[in-house]
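Here's a quick walk through one model, starting with the ligand site and then moving out to the strands. Have the viewer open as you read.

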Amino acid sequence: MLQKPRGTRDFLPDEMEARRTIEWRLREVARRWGYREVCTPEFEDLELFTMRSGEGIIEEMYVFTDKGGRSLALRPEITASVIRMYINEAKVAPKPLRWCYFADCFRYERPQKGRYRQFWQFGVELIGADTALADAEVIMLAADMLNATGVSYELKVGHLSFMKNLLMDLEPPAQRKVMAHLDKKDYDGLEATLGAMDKSDLGNSLISLVQCRDLSEAFEIAGTIPGQERIQQTITLLDAAGINYSLNFGIARGLDYYTGMVFEAFAENLGAENQILGGGTYRLAHLFGGDDVASCGFAIGFDRVMVSLGETQHKQDVVIAITCTSEGRNHAMEVARTLRNAGIRAEMDLMERGLGAQLAHAAKSADFAIVIGQREAESRNVTLKNLHSGEQKTLDLPSAIAEVASHGAGR
Ligand code: HAM
């Protein structure tokens with residue numbers, strides 16, 4: 001029997017309904033903040049992703065050559081594509097641009113719970129606003145979106161300048177090595193690496209910075225930071241808005257384009273793969289042949305949010321089975337149409353079964369049955385049976401609609 005590719009998933013209707021419910025909550029928050037949906041291709045020129053991150057990223061992507069000999073990659077994320085599109089299509093549009101997307105990404109990773117090779121991101125990109133208010137808006141939007149899903153999470157906000165200031169004298173590869181130790185809280189490894197570079201004196205400041213949760217203390221540890229005032233302003237705005245976050249100056253972010261503010265959110269009930277959102281301020285446009293433009297954005301790992309929410313969230317549709325005898329069929333078709341026009345989910349029997357078999361099937365698949373035989377066809381009434389309580393009554397159609405609506409049918 002053929003199976004789906006490793007790291008991918010199939011979604012049955014119950015799961016798709018639950019996913020759509022959460023997706024629409026995210027869309028609704030984006031709409032209220034003025035973020036409009038964009039869509040980019042699932043595959044791009046490989047160069048779009050290697051230009052910033054180097055050839056190393058090829059290992060982590062689905063890369064292929066098409067019949068015309070072009071090197072292409074399935075998108076591992078959507079920010080680079082959005083900025084490419086901005087340069088191609090919208091660079092003269094009035095700023096700022098507020099864009100959002102909900103789309104699948106592909107990463108060649110080792111699959112495990114919450115880590116897939118095809119996964120969905122709900123993301124936003126704010127392009128062309130270079131202020132503390134812009135940074136704060138994006139973080140507030142992130143919190144608003146996560147709150148709308150109902151997930152329990154912790155939001156961590158940091159800024160790359162602090163760490164950069166301390167590591168100023170190191171070459172980029174050495175900086176990366178040091179950051180990797182800090183990211184893993186591997187302080188012995190950090191000490192050994194710094195010792196080998198004759199930089200042991202940095203160890204204490206780095207560890208204090210990573211552990212620091214207070215802005216003024218972080219300024220004291222890292223020295224004078226470029227853009228200090230803007231950082232202070234952003235934090236003041238977040239506090240004024242009542243955002244629940246903690247400061248964390250150890251956030252390094254995996255992708256290579258971030259320039260300043262960075263933030264991540266973690267779900268409380270997931271295992272190792274518990275990061276459900278990541279983002280920050282970045283600059284990419286100049287790399288793709290556009291003018292340099294300040295941008296800020298984030299992406300929510302939609303699948304991880306769904307895993308974290310579990311089974312609890314979804315309200316099922318109320319289902320009405322339309323059952324009939326052959327004499328009642330024409331009236332039944334009309335009743336089904338009227339119910340659907342009223343927004344109610346109505347399903348007719350398609351198997352040419354007898355009424356008894358139709359009702360037996362309805363008991364397994366529906367909440368109510370409407371029974372239409374010759375008597376109902378002649379009187380233009382319907383018999384409505386509540387399949388949970390067994391209660392049955394004959395009603396005119398508007399009363400039957402009102403009855404099922406009072407049980408949540410038609411939403
Ligand atoms: P990222 O942190 O690489 O950032 O991904 C965002 C989120 O996608 C992660 O926090 C995680 O929840 C989810 N995610 C990543 N890899 C997987 C996977 N293999 N399976 C399931 N979920 C995954 C970005 O992609 C940036 N483009 C975010 C951004 C937008 N920055 C600025 N604008």
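## Polar contacts to the ligand

Start with Y258: an N or O atom in its side chain sits 2.6 Å from a nitrogen atom of the ligand. Keep in mind that this is a predicted model, and the distances are computed from it. T79 also reaches a ligand nitrogen, with a polar side-chain atom 2.7 Å away. On the oxygen side, the side chain of Q121 puts an N or O atom 3.0 Å from an oxygen atom of the ligand.

How much of the ligand's accessible area does the protein cover? On its own the ligand has 660 Å² of accessible area, and the protein covers 96% of that.

## Who lines the pocket

The shell around the ligand holds 26 residues, and the closest are E77, T79, E109, Y258 and Q275. Sorted by type, the shell splits into 11 nonpolar, 8 polar and 7 charged residues.

Which elements give two or more residues to this shell? They are strand 6 (118–127), strand 10 (275–282) and strand 11 (295–301). Strand 10 contributes the most, with 6 residues.

## The five-stranded sheet

Further along the chain, 5 strands make an open sheet with mixed pairing, ordered 13-12-14-15-16. Strand 13 (345–348) and strand 16 (392–396) are the edges: each has a single partner strand, so one side of each has no neighbour in the sheet. On average, neighbouring strands here are turned by 30° against each other, ignoring direction.

Inside the sheet, strand 12 (residues 319–324) runs parallel to strand 14 (residues 368–372), and 5 bridges join the two. If you want a register marker, A321 stands opposite A369 in strand 14. Helix 15 (residues 397–406) packs on this sheet and touches strand 12, strand 14, strand 15 (381–386) and strand 16. The direction of helix 15 makes about 125° with that of strand 16.

## Strands around strand 4

Back toward the start of the chain, strand 4 (residues 71–74) pairs with strand 2 (residues 43–45) in the antiparallel sense over 3 bridges. In that pairing, D45 stands opposite L72.

Strand 3 (residues 63–65) is another antiparallel partner of strand 4, again over 3 bridges, with V63 opposite A73. Strand 3 and strand 4 form a hairpin with 5 residues between them. One backbone detail to check in the turn is G69, which has a positive phi of about 80°.

Terms used:
Residues numbered from 1 in each chain as written. Predicted model: local features only at pLDDT ≥ 70, side-chain atom pairs only at ≥ 80, totals over all residues. Heavy atoms only, no water. Pairing = 2+ DSSP bridges. Helix = DSSP H or I, 4+ residues; strand = E, 2+ residues; numbered from the N terminus. Axes fitted to C-alpha atoms, helices over the stretch in contact; angles between N-to-C directions. Contact = heavy atoms within 4.5 Å. Near = heavy atom within 4 Å. Polar contact = N/O pair within 3.5 Å; in protein donor to acceptor, adjacent residues only side chain to side chain. Areas by Shrake-Rupley, 256 points an atom, 1.4 Å probe, with all protein chains shown as cover. Nonpolar A, V, L, I, M, F, W, Y, C, P; charged D, E, K, R; others polar.
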